[in-house]
Amino acid sequence: MKQNFESKDSKKMDRLMAILASAAVIGGLLFAFAPESLWHSASIKPASKRAAAPSISLADINGQAWNLEQHRGNVVLVNFWATWCPPCRAETPGLVHVANELGPRGLDVVGISLDETKDVVPPFVSSYKIPYPIVMGEGSPITAGINSIPTTLLIDKQGRIAKRYEGAVSESTLERDITQLLAE
């Protein structure tokens, strides 16, 4: 009889542990894929505390050179991403919308693909109707400080990093921060 109670208690404990483990996994996934605005709302760095952006000079998927220095005077959004990355796919429509809406006001956007091969990128660009240049960054020193994707750098008109986002960032957060930099 005693063994029967231990068996029932053991089964209950096993079920409880399984539920807790599942909750932890689901919570971790929600945190990992949550838009930046839900878990990180740091403001743009004051101009006096901004570091110079690294030099970026890469070929786009059409073989044309893209150089960050040529965009001085505009706010630049640099998005590190890959076609196989679910959060990257989730944030792409917002990036496209921001580029289309704020581009005429002085925003330049560039996507740095971390895909290993270029052939997967053009179909992605076409499917999402990406209007901004996509350069290939795999193996480039520029990716040395990128620990996760998507990672996005917001660069002010003087070529300094005003904000860094790690993880998917919401369209509304980008619009707010870019509008603030455009007004500087």
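User: Before we start, what counts as a helix or a strand here?

Analyst: Happy to help, and note that this is a predicted model. Helices and strands are DSSP runs, and a helix needs at least four residues while a strand needs at least two. They are numbered from the N terminus.

User: Thanks! Where is K129 found?

Analyst: Two elements frame K129: α4, which covers 121–128, and β6. K129 is found in the loop between α4 (121–128) and β6.

User: Is K129 buried or exposed?

Analyst: A residue is called exposed when its relative accessible area is over 50%. K129 has a relative accessible area of 64%, so K129 is exposed.

User: What is the phi of K129?

Analyst: Most residues other than glycine have a negative phi. K129 is a residue other than glycine with a positive value. Its phi is near 55°.

User: Which peptide bond is cis?

Analyst: Most peptide bonds are trans. Here is one with omega near 0°, and P150 takes part in it. P150 is found in the loop between β6 (134–136) and β7 (151–155). The cis bond runs from I149 to P150.

User: Which cysteines form a disulfide?

Analyst: The rule asks for cysteine sulfur atoms within 2.5 Å, and by it the count comes to one disulfide. The sulfur atoms of this pair are 2.5 Å apart. The partners are C85 and C88.

User: Is the link of C85 and C88 right-handed or left-handed?

Analyst: The angle about the S-S bond is 75°. That link is right-handed.

User: And is C88 buried or exposed?

Analyst: Buried means under 20% relative accessible area. Its partner C85, at 3%, counts as buried. C88 has 1% relative accessibility, so C88 counts as buried.

Definitions and conventions:
Residues are numbered from 1 along each chain as its sequence is written. This is a predicted model: local features need pLDDT of at least 70, side-chain atom pairs count only at pLDDT 80 or more; totals for chains, interfaces and linings use all residues. Side-chain values use heavy atoms; hydrogens and water are left out. Buried means under 20% relative accessible area, exposed over 50%, partly exposed in between (1.4 Å probe, protein chains only).
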